[in-house]
Amino acid sequence: MPELPPTHAALVCVALPGLVISDELGQLTGRGLDGYYRDGRRLLSRCQLRVAGREPLPLQARMTGADSARFVGTLRMSQTARPDPDVVVERTRHADGTERITLRNAAPRALRLPVEVALGTDLAELGTIASGTAGPELPATVHDSGLRWAKADFAACVTSDPPPSDSLASAGLLRWEVELPPGGTAAVELRVRPAGAGPLRAAGHAATSALAPARAAGDDPRVAALLHTAVADLQALLVRDPAHPSDTYLAAGAPWRCGMAPAEALAAARMTLPLGTRLAAGTLRTLARTQLSGPGPQAGMIPGPRRDAGPLLPPSCTGTEATLLFPAVLAEARRWGLPEQETEKLLPTAERCLTWLRTAAGDGPYLPDPQPAGPVRCETQAHACRAAQLGADLLEAYDRPGAMELREWARALRTAFRSDFWMEDHSGGRPAAALAPDRRPLPYLGSHAVHLLDTGLLGSGRPAPGLLDKVQTEHLARLLGGPAMDAGWGLRGLGAKEPGHNPFGHRTGAVRVHETALAVAGLAAADYEKEACGLLRGLLDAAEHFGHRLPEMFAGEQRTAGSAPVPHPAACRPAATAAASVILMLTALAGIRPDAPAGTVTLRPVRSAPLGELGLTGLRVAGAPFAVRISRLGLAMVEEAADGLQLGV
């Protein structure tokens, strides 16, 4: 299998369906993933600038936003011994397909400079680039004020303003003659688009956003930058449902997964409920239209692809996870303020998900994954228990049948799980990762166990009962906070002492940001603040090294004095669940537990206030702006809320 082109050092500008990927030198060379993309197709792979026949000396490359990057270089034109550069070259590159090249004369005399840009493309799909089968560059033709390339039924063009003084299709060159007085500047703007297409209309750039512009302020200045970057990345990853453009959802991540991934889209939408319910509603409606109809064992499922589970278990079915997430996300969106009318319209889809759950589980307490004879996974039972309890809550609120049966099944699942999954040992025990088809427990410890703490939100700010009892929960908290699982930067996917552990294994030892955030929130809710705060601080420290733009995963190597987190070469960055995890962790610190139907919000802040004073503004609860401040003493105060919203007990 060909090795994926590395992404860890790339500058990835995103405004879906637009994307531009550059290395730190700023030149698009046509190698690897370099290029401008739209809807998964590379429009331009090579864009190499020369001034007076030379490439600028690269000095700086940095992201200036989720969708833009800036590159600075210089040139020396004189033959004197003076070390200072004569020309400063700045390139600003945007995911919408524009690039602005600005030249500034820093010399004491006027300069006349030949400027040329060498362009090329293969018009390849991202998947063929990843597999190493992109093919050669295509021949160009002169078109309007630039160049054009065509392949089968698709074409792309690059135009410039001002138009070039010379265009050479055979070499893919555009040329200009630039005259610069001392201190003067000149600029060229390139526009990369599919032939005949207008400007990019990114979903995240709409006049009204599906996500509230939340902000953070407080004693730890890193928190503000982290939240700002997370919200910007979430905006950049928004995608419209083509058939229903008013509905948006989050793509899983760039560059590899810029389309719908049902389980990740629902998980990210759930974590971003503090930014409003519009994204959750759009995601739920989009996936409701994909629900499988009967007859047959898959009737009621939200379809999804298989997901690699590492060498210790067969691949899991993300459709199972998405089907179990759907009723839970709908129930929690209602608690955060999803209007009753919208909830009722989505309720039949949730009911069919819950019917599938009860049918797939049959007479037993467990839900295998994949169906019908796969292993009984720990995390699948956690998802199923949450779906049953929150689903029952939802059905009862709308006088629909089935709530009692779901609660009874969840109780039976809890009883069986506490007996069958808990494996006693000299340290107090641990949950099994799964039960094999012969019901033999698989004993390894991994981040799958954090889902046992993610029980869901019921009315009056109450967490739903979990699959573990109090003593088992305490043992799990100690394990998650211990050195085998906590790498110092976040939670490992597989414990360091487990057979097959690999710090770079995406399911066998890498730190996964989403599961670390679930651990932080779950541990905080269960009052294991020491363990929660240790993981939180580690991830916050790691975020600094990643420019506050967390990847979906990074290597789970043990933190030591003076070390830094090591990137994973194939990780998506930005990633929807990683960005949404920031929202989850910060709102978990504040302990915000809304119940919009009851007109209340309960606050259970982390008492130790690990980040000192923290203020969160621009959130949304019950359809209105919401702001909260946590003092250094761990006390919470609401500073802005919907009219009539009462503080719960």
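1. A salt bridge is taken here as a side-chain nitrogen of Lys or Arg within 4 Å of a carboxyl oxygen of Asp or Glu. In this predicted model, arginine 629 and glutamate 613 make such a pair, with their closest N and O atoms 3.2 Å apart. Arginine 629 belongs to strand E33 (residues 624-630), whereas glutamate 613 sits in the loop between strand E31 (600-603) and strand E32 (614-621), so the bridge ties together parts that are 16 residues apart in sequence. Arginine 629 counts as partly exposed at 25% relative accessibility, and glutamate 613 likewise counts as partly exposed at 25%.

2. The pair should be read together with its surroundings, since salt bridges that share partners join Asp219, Glu613, Arg629, Arg632 and Glu639 into one network. By the rule given above, the count for the model comes to 45 salt bridges.

3. Another of these bridges links arginine 46 with glutamate 137, at an N to O distance of 2.8 Å. Here arginine 46 lies in strand E6 (residues 46-51) and glutamate 137 in the loop between helix H1 (126-130) and strand E12 (141-143), so parts 91 residues apart in sequence are tied together. Arginine 46 counts as buried, at 15% relative accessibility, while glutamate 137 is partly exposed, with a relative accessible area of 39%.

4. A bridge between two helices deserves a separate comment: arginine 222 pairs with glutamate 544, and their closest N and O atoms are 3.2 Å apart. Because arginine 222 lies in helix H2 (residues 221-236) and glutamate 544 in helix H11 (residues 529-545), the pair ties together parts that are 322 residues apart in sequence. Arginine 222 counts as buried at 18% relative accessibility, whereas glutamate 544, with a relative accessible area of 44%, is partly exposed.

5. Turning to the nonpolar interior, the largest core holds 163 residues, of which Leu227, Leu275, Leu357, Leu550, Ile592, Leu616 and Phe626 touch the most other members. Helix H12 (residues 576-590) supplies the largest share of this core, 12 residues. Apart from this core lies another, of 42 residues, which includes Leu44, Val89, Val115 and Trp176.

6. Which residues is leucine 616 in contact with, leaving aside its neighbours within four places in sequence? The list for leucine 616 consists of Arg215, Ala216, Leu227, Leu586, Thr587, Ala590, Phe626, Ala627 and Val628. Two of these partners, Leu227 and Phe626, are named alongside Leu616 among the core residues that touch the most other members.

How values were computed: Residues are numbered from 1 along each chain as its sequence is written. This is a predicted model: local features need pLDDT of at least 70, side-chain atom pairs count only at pLDDT 80 or more; totals for chains, interfaces and linings use all residues. Side-chain values use heavy atoms; hydrogens and water are left out. Helices (H or I, at least four residues) and strands (E, at least two) are DSSP runs, numbered from the N terminus. Buried means under 20% relative accessible area, exposed over 50%, partly exposed in between (1.4 Å probe, protein chains only). A nonpolar core is a set of buried Ala, Val, Leu, Ile, Met, Phe, Trp, Tyr and Cys residues joined through side-chain atoms within 4.5 Å. Contact means heavy atoms within 4.5 Å.
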